[in-house]
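Grab a pencil and have the viewer open. These exercises walk you through empty spaces, a helix and some charged pairs, one step at a time.

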Amino acid sequence: MADELGYGQPMGGIAQTAFVVEDLPSAIDHWVKNTGAGPFFVLDHFLVPGQTYRGEESTADITIGMGFAGHMLIELIQPLDNNPSVYRETIAHRGYGFHHFGLASADVDADSLAYQARGYTEAFRAAVPTGGEVVYLDNGAGVQWGFLELLPVTPGMDETFTRFWKASLGWDGSDPVRSFL
């Protein structure tokens, strides 16, 4: 596996910065107008069977948008229901805003165990459409300071996120909302 993702971030390093938002279209508009990030690729109703929150089955539904600011992937997450989740947990504690850093992981399960040996717990786990499962980790300060997310670096993940990044290169601001798939 390469030491660097196709969009320039290092393996094992921060590959994504995520925010929980109240209204995804408004949040995308804010990021596009105020930071030049984009375009944003939207995945509606991300609710997959088998996802877990704090060890229990999770039925929380979200819509996400992903776009680039330089080499940093920005993820915007809008909860679509009030079901228990790491997103509702954060909103209840401190409101909308920063949620997590995503770390590029070649082996999510091994990395999760290494973090657990350092006192972290798995707060959330779900399969993702680019292959593998993401894991959100909490060391007791996740709600306060943000979670860590282990992003499975699969060929599908690297190809998809690199495609998003390439769309941002020389982007003229047109067509700011696009389909994830």
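Below are four exercises on this predicted model, each with a worked solution.

**Exercise 1. The largest cavity**

Task: Find out how much space lies in the largest cavity, and which residues lie nearest its centre.

Solution:
- Start with the idea: rolling a probe the size of a water molecule over the atoms shows where empty space is left.
- Counting cavities of 30 Å³ or more gives two.
- The largest cavity holds about 200 Å³ of space.
- Its lining is made of 20 residues, and Met-66, Glu-75, Val-128, Val-134 and Glu-149 lie nearest the centre.
- Now sort the lining of the largest cavity by type: you get 16 nonpolar, two polar and two charged residues.
- Finally, look at where the lining comes from: strands S2 (40–46), S5 (62–69), S9 (133–138) and S10 (147–152), plus helix H5 (155–168), each give at least two residues to the lining of the largest cavity.

**Exercise 2. The second largest cavity**

Task: Work out which residues line the second largest cavity, and how they divide into nonpolar, polar and charged.

Solution:
- The volume of the second largest cavity is about 40 Å³.
- Go round its wall and you'll meet Phe-46, Gln-51, Ser-58, Ala-60, Ile-62, Ser-85, Tyr-87 and Phe-124.
- Sorting the lining of the second largest cavity gives five nonpolar residues, three polar and no charged.

**Exercise 3. Checking helix H5**

Task: Compare the span that H5 should have with the distance between its end C-alpha atoms, then find what its buried residues pack against.

Solution:
- H5 has 14 residues, so at 1.5 Å a residue it should span 20 Å. When you do the sum, use one less than the number of residues.
- The end C-alpha atoms of H5 are 20 Å apart, which agrees with the expected span.
- Next, pick out the residues of H5 with under 20% relative accessible area. The buried ones are Met-157, Thr-160, Phe-161, Thr-162, Phe-164, Trp-165 and Ser-168.
- The buried residues of H5 pack against S2, S5, S6 (72–79) and S10.
- After H5 comes Gly-170, with a positive phi near 70 degrees.

**Exercise 4. Charged pairs**

Task: For three of the salt bridges, give the N to O distance and decide how buried or exposed each partner is.

Solution:
- The idea first: side chains of opposite charge can pair when their charged atoms come close.
- The structure has seven salt bridges in total.
- Pair one is Lys-33 with Asp-29, at 3.3 Å from N to O. The two sit four residues apart in helix H1 (residues 24–35), so about one helical turn separates them. Lys-33 is exposed, at 63% relative accessible area, while Asp-29 is partly exposed at 36%.
- Pair two is Glu-89 with Arg-54, at 2.6 Å from N to O. This pair links distant parts of the chain, 35 residues apart: Glu-89 is in helix H2 (residues 86–94), and Arg-54 is in the loop between strands S3 (52–53) and S4 (56–57). Glu-89 has a relative accessible area of 18%, so it's buried; Arg-54, at 32%, is partly exposed.
- Pair three is Arg-125 with Glu-133, whose closest N and O atoms are 2.6 Å apart. Arg-125 is buried at 15% relative accessibility, and Glu-133 is partly exposed at 32%.
- One last step: Arg-125 and Glu-133 belong to a network of salt bridges that also links Asp-109 and Glu-122.

Key:
Residues are numbered from 1 along each chain as its sequence is written. This is a predicted model: local features need pLDDT of at least 70, side-chain atom pairs count only at pLDDT 80 or more; totals for chains, interfaces and linings use all residues. Side-chain values use heavy atoms; hydrogens and water are left out. On a 1 Å grid over the protein atoms alone, a cavity is a set of points where a 1.4 Å probe fits but cannot get out, and a pocket is an open set with protein on both sides within 12 Å along at least five of seven lines; lining residues have an atom within 4 Å of a point. Grid points are joined across faces, edges and corners, and a volume is the space filled by probe spheres set on the points. Ala, Val, Leu, Ile, Met, Phe, Trp, Tyr, Cys and Pro count as nonpolar, Asp, Glu, Lys and Arg as charged, and the others, Gly among them, as polar. Buried means under 20% relative accessible area, exposed over 50%, partly exposed in between (1.4 Å probe, protein chains only). Contact means heavy atoms within 4.5 Å. A salt bridge is a side-chain nitrogen of Lys or Arg within 4 Å of a carboxyl oxygen of Asp or Glu.
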